[in-house]
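Please look through the chain and its fold before reading on. The text below then walks from one region to the next.

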Amino acid sequence: MSETTSTKKEEKLPLNWRRALPSNNSNAEENLVPEREVFGLIPRGFNPEDYLRVADIHMFKEPHEINKQQHHTDQYYSPKLIVRRGQLFQIQIDFNRPYKPGTDKFWLEYLIGRYPQQNKGTYIPVLVGDELNPGEWGAKITHKENNSIRLSIMSSASCIVGKFRLYVAVWTPFGILRTVRNSETDTYILFNPWSQQDTVFLDDEKEREEYVLNDVGVIFHGDVNDIKLRSWSYGQFEENILDACLFLMDKAELELSGRGNPVKICRVASAVINSRDDSGVIAGSWDNTYTYGVAPSAWTGSVDILLEYYSSKQPVRYGQCWVFAGVFNTFLRCLGIPARVITNYSSAHDNNANLQLDLFLDEEGKVDTKTTKDSIWNYHCWNEAWMSRPDLPVGFGGWQVVDGTPQETSDGMYRCGPASVQAIKHGHICFQFDAPFVFAEVNSDIVYSRMEKSGAQVIEKIDMTHIGKLIVTKEIGGDGMMDITEEYKFQEGSDEERLALETAVMYGVKKQITQDTVYHPQTDVDMDFQVQKAILGSDFKVTITFKNKSHNYYSATTYLSGNIVFYTGVMKSEFKKHTFSVTLEPSSSSTFDVVIKSSEYLSELLDQASFHFFVTARINETGKILAMQKATVLEIPTLHIKTQGETVAGREMSVIVEFTNPLKQTLENVTLRLEGPSVLRTMKKDFRQIPANSTLIWEVKCTPKRPGLRKLIASLNCDALRHVYVLEFSSSWRSHFAGSISQDLLSPEYSQLSVPTRH
C-alpha cells in the first residue's frame with residue numbers, strides 16, 4: 001500500500017477509530033437480508049427442505065379483520081397491515097409440516113431502514129415465548145392446527161413509528177433460513193393514544209375519536225368581532241397519505257431511531273411543512289399574487305397537497321397559516337398523534353423577542369411604518385399535539401403548540417414548537433421549544449409610544465387586553481366553536497395574568513424601560529369606535545365615540561386611517577384618510593360617523609376582504625394622544641350544496657353546487673373545487689365567466705365508498721373573489737341518519753351525508 005493511499009484511509013477513520021455506519025434516516029431505503037445465514041461449512045447432503053420452512057404468512061390486514069378493528073386502523077385505505085404500538089396483534093404462519101415445539105425454533109425479525117441495528121431499535125428480533133409483557137416486544141403461540149400456528153405479537157410502547165419489513169427466521173444446525181422479501185407482509189406501526197404506556201396516551205374516548213379518527217374538521221378565521229369558519233378535509237386515511245407522511249420524516253432526515261419520540265417528530269415536521277429553508281411541503285405567499293399555483297383560499301383539504309408533494313418532491317404553491325395548520329394536522333393524526341387546529345384572534349408577531357408589541361407614532365399620532373416592525377394578525381392558526389414531555393418538569397405535558405407557518409427561525413430553521421401550553425399560561429417560557437414567541441402571540445401588551453424632539457420616549461398608551469382576545473378550536477363531536485382562551489392565559493387584568501407576564505419577563509429577554517421614558521396616560525377622556533358590519537361591495541360607516549369624564553371643555557383633532565391589510569396585519573395600502581375636529585363638552589359623550597364608500601376600497605381589496613382602521617385623537621389643551629385600532633372583515637357571498645339520488649354506499653348519486661354572483665361586476669376565470677373523504681376525490685372545474693347577479697350550477701356524479709356520516713367540502717376562487725365557501729347552518733345536522741338526507745342536513749360549508757350500507 002502506498003503512503004498516499006494509507007493517508008487517505010486514515011483520514012476516513014473517525015476519531016474513536018471505529019467504523020461508523022452511515023446515517024439511517026430513510027424509511028424507504030432497504031438493505032439486502034440473506035435468505036441463508038450458514039454456520040461455517042455446509043456438510044454434504046444438507047437439504048433445507050428437510051427442515052421447518054415457512055409456506056405462507058397471513059397478516060389479517062383487511063379492514064373487517066381483527067387487527068385493524070382492534071387497532072382503530074380500519075379506515076386507512078391501505079392493503080398493508082397497520083397497527084398501533086404497545087398493543088397485541090395477530091398473524092398466522094403456515095409451515096411445510098406441523099410445528100414441533102421441542103425441536104423447531106423460529107423467531108420474527110422486524111427491520112426498518114437501510115442500516116438496521118438492534119441497539120437503535122431498527123432491527124427487532126421477536127422471540128416466541130410463553131408469556132407476553134405489556135409494552136415490550138414478544139410473541140406467543142395462541143393456536144396450532146395442522147401445519148399452521150397463530151401468533152399473538154406485542155410491540156414495544158416506545159417503538160419507532162414507520163413501515164417495518166417482516167422476516168421469519170428458522171434455526172437449523174447448519175444455519176439460519178429466512179423468508180424471502182415480501183412486501184405483502186410489511187407492517188406499519190403507529191403511535192397509540194389508546195395505550196397508557198404510550199407517550200401520546202389520551203384517556204378520553206370522545207377526544208380520541210375527534211383528535212385522531214376524525215378526518216374532516218373546521219378551521220375558524222375572520223376577525224374576533226366577525227368569526228367565520230371553513231371546513232377542511234384532513235383525509236389522513238386516504239390512499240397513499242400514510243406513505244406521504246412517512247416520506248416527510250425522510251425528507252427532514254430525522255434518524256429512524258428518533259421516530260418513536262413525538263417531541264422530535266413534531267420539531268422536525270414543523271420545519272418540513274413549510275418550504276422556506278428545506279424545500280418542504282408548502283410554499284407560503286402573503287402578497288396576493290399566486291401565479292403558477294393555487295390560491296391558499298382555494299384548497300379544500302390536505303390530500304391533494306400531500307400527494308402532489310409526495311409525487312413531485314417540490315414545494316406545493318401556495319399556503320397561508322390555515323393551510324399549513326391543516327396539512328400539519330393531517331400529518332399528526334395520520335401517525336396517531338392526537339392533534340387539533342387552533343385559531344388565535346388578534347395574534348401578535350413579536351419581531352424583536354421583547355415580549356411586547358411596539359407601535360411607534362409620529363408627531364401627528366399616526367403609526368410610523370418605518371420604525372414599527374411588530375405586527376398584529378387578525379388571526380393566526382397553529383396546531384396542538386397531545387403528548388407527555390419527559391424532557392420537561394412534571395406538569396408540562398398535555399397539549400403542545402406546534403406551528404408550521406414560517407414566521408421566525410428557531411435553531412436556524414423556520415419552525416416553532418413543541419411548546420407546552422401549561423408553560424405558556426404560567427409564563428414559564430424558559431422551557432423548550434419557542435415558548436417566548438408563542439407567549440407573545442397570545443399575551444403580550446401593545447405599547448404605543450412616540451419620540452419627542454428632546455429624545456425622550458413618551459408612552460401614550462399601553463393596551464393589555466387586545467392581544468389574544470379569543471383562542472378557539474373545533475368542539476368535540478360537533479362543528480361548533482370551543483373557547484380555549486383560559487388554557488393559554490388567565491383572565492385579562494387578573495393578578496394571575498399579570499404574574500404570568502412578570503414571570504415571562506423574568507425568564508425572557510424583555511428590554512427594560514429607560515429612564516427617559518415617560519408614561520402619563522390621558523385619563524379623563526376615553527375614545528372608542530365601532531365598524532358597521534357590511535357585505536362586500538356595499539358602503540358602511542365607522543362610528544367614533546368620545547367620553548369626556550372631566551368638568552373641563554376639550555377640543556380634539558381626530559384622524560382616521562383606513563387600510564387594506566393582509567390578514568397578517570401587514571398593510572397593502574391606505575384607502576381612506578379623514579381628519580376632523582371635535583369639541584368635547586364636560587361630563588358628556590359625543591358620537592361622529594365616517595362613511596366608507598365601496599368605490600374607495602373595491603379596486604384595492606385583498607382576498608380576505610380585510611380592513612384595518614386606526615383612529616388617533618390629539619387633545620389640543622393637554623397635548624395627550626388617544627389611539628385605538630381595530631380590524632374588520634366584510635361579508636363574502638357563499639356557496640350552496642345539495643344532493644340528488646339515493647345516498648347509499650356503492651350507488652351513484654349527484655352532488656349539485658350552486659353560486660350566485662351578488663357583485664355588480666362579472667367574475668372571470670373562476671375555479672370550483674369539491675371533495676369529500678370516502679365520497680369523492682377532489683374535483684375541479686373552471687368557468688370563464690359568471691356575469692353579475694347570475695347563478696352557476698355544477699353537478700357532479702359520485703359513488704360513496706363507505707357507509708356512515710360523510711361530508712362534502714366546496715370552495716370558489718377567482719382573482720376578484722376568494723374565501724367563498726358553503727353557507728353556515730344550525731347544529732341540528734350533527735346527528736347520524738339512515739336513508740336519504742333532507743335539506744335540513746346540509747351543514748356549514750359542506751353537505752353532510754348519512755350513507756347506509758348497500759344491501
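What follows is a short tour of a predicted model, taken region by region.

Start with the nonpolar interior. The largest nonpolar core has 69 residues. Those with the most contacts inside it are L242, L248, I305, W322, F331, L332 and L335. Helix α7, residues 321-335, gives this core its largest share, eleven residues. Take I305 as a way in. Leaving out residues up to four places away in sequence, I305 touches W232, V281, I282, W299, V316, V323 and V327. Another core lies apart from this one and has 57 residues. Among its members are V531, V615, M628 and A714. Such grouping fits a general pattern: in soluble globular proteins, nonpolar side chains tend to be buried together.

Now turn to a hairpin. Strand β33 covers residues 610-619, and strand β34 covers residues 625-633. The two strands run antiparallel, joined by nine bridges. Five residues lie between them in the hairpin. In the turn, G623 has a positive phi of about 80°. One bridge pairs F611 with T632 of β34.

How many of the nine residues of β34 are buried? Nine of the nine are. I625, A627, Q629, A631 and V633 point one way from the strand. L626, M628, K630 and T632 point the other way. Both sets are buried. The covered residues thus include Q629 and K630 as well as I625 and L626. M628 of this strand also belongs to the core of 57 residues.

Next come the aromatic rings. The whole structure holds 27 aromatic pairs. One of them joins F540 and F613. Their ring centres are 6.3 Å apart, with 80° between the planes, and the pair is edge-to-face. F540 lies in strand β29, residues 540-548, and F613 lies in β33, so the pair ties together parts that are 73 residues apart in sequence. F540 is buried, with a relative accessible area of 3%. F613 is buried too, at 0%.

Y601 and F611 form a further pair: the centres are 5.1 Å apart and the planes stand at 75°, so this pair is edge-to-face as well. Y601 sits in helix α12, residues 598-601, and F611 sits in β33, ten residues apart. Y601 has a relative accessible area of 0% and is buried. F611 is also buried, at 0%. Ring pairs link F540, F575, Y601, F611 and F613 into a cluster. F611 therefore has two roles in this picture: the ring pairs with Y601, while the residue has T632 as its bridge partner in β34.

Rings also meet charges. The charged end of K313 sits over the ring of F247, 4.9 Å from its centre. R340 lies over the face of W399, at 4.1 Å from the ring centre.Move on to the annotated positions. Which residues does UniProt list for "binding site"? The unreviewed entry gives N443, D445, E492 and E497. These positions span 55 residues in sequence, yet no two of their C-alpha atoms are more than 11.7 Å apart, so they gather at one spot.

N443 belongs to helix α9, where it is one of the buried residues. This helix, residues 435-443, is mostly covered, with eight of its nine residues buried. The others buried there are A435, F437, V438, F439, A440, E441 and V442.

D445 lies in strand β23, residues 445-451. D445 is buried, with a relative accessible area of 11%. Beyond its neighbours within four places in sequence, D445 is in contact with L355, Q356, L357, I462, D463, M464, R498 and L501.

E497 has its place in helix α11, residues 495-507. Is E497 buried or exposed? E497 is buried, at 0%. Setting aside neighbours within four places, E497 is in contact with N443, F490, Q491 and E492. Two of these contacts, N443 and E492, are on the UniProt list.

End in a loop. S587 lies between β31 (571-584) and β32 (588-596). Leaving aside its neighbours within four places in sequence, S587 is in contact with N548, K549, S550 and H551. V83 is far off by comparison: S587 and V83 are 504 residues apart in sequence and 71 Å apart in space, C-alpha to C-alpha.

Note on methods
Residues are numbered from 1 along each chain as its sequence is written. This is a predicted model: local features need pLDDT of at least 70, side-chain atom pairs count only at pLDDT 80 or more; totals for chains, interfaces and linings use all residues. Side-chain values use heavy atoms; hydrogens and water are left out. Rings of Phe, Tyr and Trp (its six-membered ring) pair if their centres lie within 6.5 Å; planes under 30 degrees apart count as stacked, over 60 as edge-to-face and the rest as tilted. Helices (H or I, at least four residues) and strands (E, at least two) are DSSP runs, numbered from the N terminus. Buried means under 20% relative accessible area, exposed over 50%, partly exposed in between (1.4 Å probe, protein chains only). A charge sits over a ring if NZ of Lys or CZ of Arg is within 6 Å of the ring centre and within 35 degrees of the ring normal. UniProt positions are given in the numbering used here, feature names are shortened, and annotations may be inferred rather than shown by experiment. Contact means heavy atoms within 4.5 Å. A nonpolar core is a set of buried Ala, Val, Leu, Ile, Met, Phe, Trp, Tyr and Cys residues joined through side-chain atoms within 4.5 Å. Two strands pair if DSSP finds at least two bridges between them.
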